[in-house]
Amino acid sequence: INVYERFRAIRGKNSLSEGIGMKLDEMLVIDGNNPDQPCSTFGIHPNLPILQTLYNDGDAAFIANAGLMAEPVDVNNYRQMTPVQLFAHNAMNRNTQKEDIFDEFVGTGVQGRIADVLKGKDMPVNIFSISGTQAVNVGEPGGAAPFILSSSGLSDFNKSPSISDMNTVIRSLNNATRKDSGFFAETFANKLSEAMTSHEQLKAELDAVDVSTVFPDSGIAAQLKMVAQLMKTRESRGVVRDMFYVEQGGYDTHSNMQINLVNKFTELNAALEAFVAEVKQQGLWDSVTLVQFSEFARTLDPNTGNGSDHAWGANHFHIGGGLAGGKVRGLYPDDFVQSPSNPIALSRGRMVPTYPWDAMWKGTAEWFGIEDGPEMDKVLPMHENFPGKIYNRADLYGDLFV
């Protein structure tokens, strides 16, 4: 089977057009290092050389054809067994961040639940988003409250106070507890005071540190730079674990996909290069894992605007110095065309995932301090639905956990 030629065909190659697939000599080649895959080698986009470098160093790995799933499905039952509005950005984004399709822990996200479990074990942990409010960071009431920062850091709590001691007055008003004070008012006042104190402390800590690496001028680079700065404040914050959320948009390539990917990947590559260099300089590379997710993939079959549309199963990566990398896990498809004999191909080269997001989350969560059993059941309430398709920490981190 020539999987590459099948891939080029579904990408629109014919006698009149090269389609939107890449030529063999354009790609950065890596060894799959997995006899279960239909290919011995794979290709990385030429504008993402950092991934090839890290992969060959054993510091990056991929999971092929993974996606948001509640349980294993095929083309015949995926609609009934996946109660999510598939192929819709908002629904898929929200549920990818939740990793809890059946709402066993309603209103929470996977990183929020990780923080809840660690906090319950008296393990100090902070959660940050450098990209607005995100469901992934939300835990249960009383859990670790996420910090939300811009990529430029924190401004003063009150930049233009009407009086010089405004913050003191606010605190005084919110500490004026009486016997008949209402519960909701007391809760609001307490949370406001806590937020003011946390804001002041974090701002002071951030203002006192900077990175030594020059980061490029892009949105994703600025977010990763802020993550690196926050890492340098971990000791003063008294934590032993941190989780961060950053986001790069612009991949909804309904037209001109190839040009758009060149631009986005060039931007991402430069940002990752700077981030990796800075984390190594801080001596934290072996203690960091960066996990990449997207709500869904794109159709392999191009549309009439040289673009691609909403699909499902995707290839995603993670990087870090502690990984047992240099391997393409999951299972890459060997047939992309919808037919009665193909259990995972929908129309237009939309692939039903063969591995769930839980496959990478499970081992990553264990590495982070989550124990198998009740703790993992809370963090990943669907992972037991995928026997044989979940990677534990020994799979993903090798010699660290043998």
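**View 1. The buried residues of helix α5 are Val 110, Gln 111, Gly 112, Arg 113, Ile 114, Ala 115, Asp 116, Val 117 and Leu 118.** This close-up, like the others here, comes from a predicted model. Helix α5 spans residues 110-120 and is mostly covered, with nine of its eleven residues buried. Follow those buried residues outward and you meet their packing partners: α4 (89-98), β4, β6 (241-245), α11 (358-368) and α12 (374-379). Just after the helix, look for Asp 122, which takes a positive phi of about 60 degrees.

**View 2. Ile 114 of helix α5 is one of the best-connected members of the largest nonpolar core.** This core holds 105 residues, and those that touch the most other members are Ile 114, Leu 149, Leu 230, Trp 312 and Ile 319. Helix α10 (residues 257-281) gives the core its largest share, ten residues. Setting aside neighbours within four places in sequence, Ile 114 is in contact with Met 243, Trp 361, Ala 365, Phe 368, Ile 370 and Val 379. As a general backdrop, nonpolar side chains in soluble globular proteins tend to be buried together.

**View 3. Three strands form an open sheet in the order β5-β4-β6.** The pairing in this sheet is parallel. Strands β5 and β6 are the edges, each pairing on one side only. Between β4 and β5, which run parallel, there are two bridges. To find your bearings, start at Ser 129, which stands opposite Ile 148 in β5.

**View 4. Strands β1 and β2 run antiparallel and are joined by four bridges.** Strand β1 covers residues 28-31, and β2 covers residues 41-44. Here Val 29 stands opposite Gly 43 in β2. The side chains of β2 alternate along the strand: Phe 42 and Ile 44 point to one face and are buried, whereas Thr 41 and Gly 43 point to the other face and are not buried.

**View 5. The second largest pocket encloses about 900 Å³ of space.** Its lining is made up of 28 residues, and the closest to the pocket centre are Ala 144, Ala 145, Pro 146, Phe 147 and Ser 198. Three elements, β4 (125-129), β5 (147-148) and α7 (183-207), each supply at least two lining residues. Helix α7 provides the largest share of the lining, nine residues. Sorted by class, the lining has 14 nonpolar, eight polar and six charged residues.

Methods:
Residues numbered from 1 in each chain as written. Predicted model: local features only at pLDDT ≥ 70, side-chain atom pairs only at ≥ 80, totals over all residues. Heavy atoms only, no water. 1 Å grid on protein atoms, 1.4 Å probe; cavity = no way out; pocket = protein on both sides within 12 Å on 5 of 7 lines; lining within 4 Å. Points joined across faces, edges and corners; volume = space filled by probe spheres on them. Nonpolar A, V, L, I, M, F, W, Y, C, P; charged D, E, K, R; others polar. Core = buried A, V, L, I, M, F, W, Y, C linked by side-chain atoms within 4.5 Å. Buried < 20%, exposed > 50% of the residue type's maximum accessible area, 1.4 Å probe, protein only. Contact = heavy atoms within 4.5 Å. Pairing = 2+ DSSP bridges.
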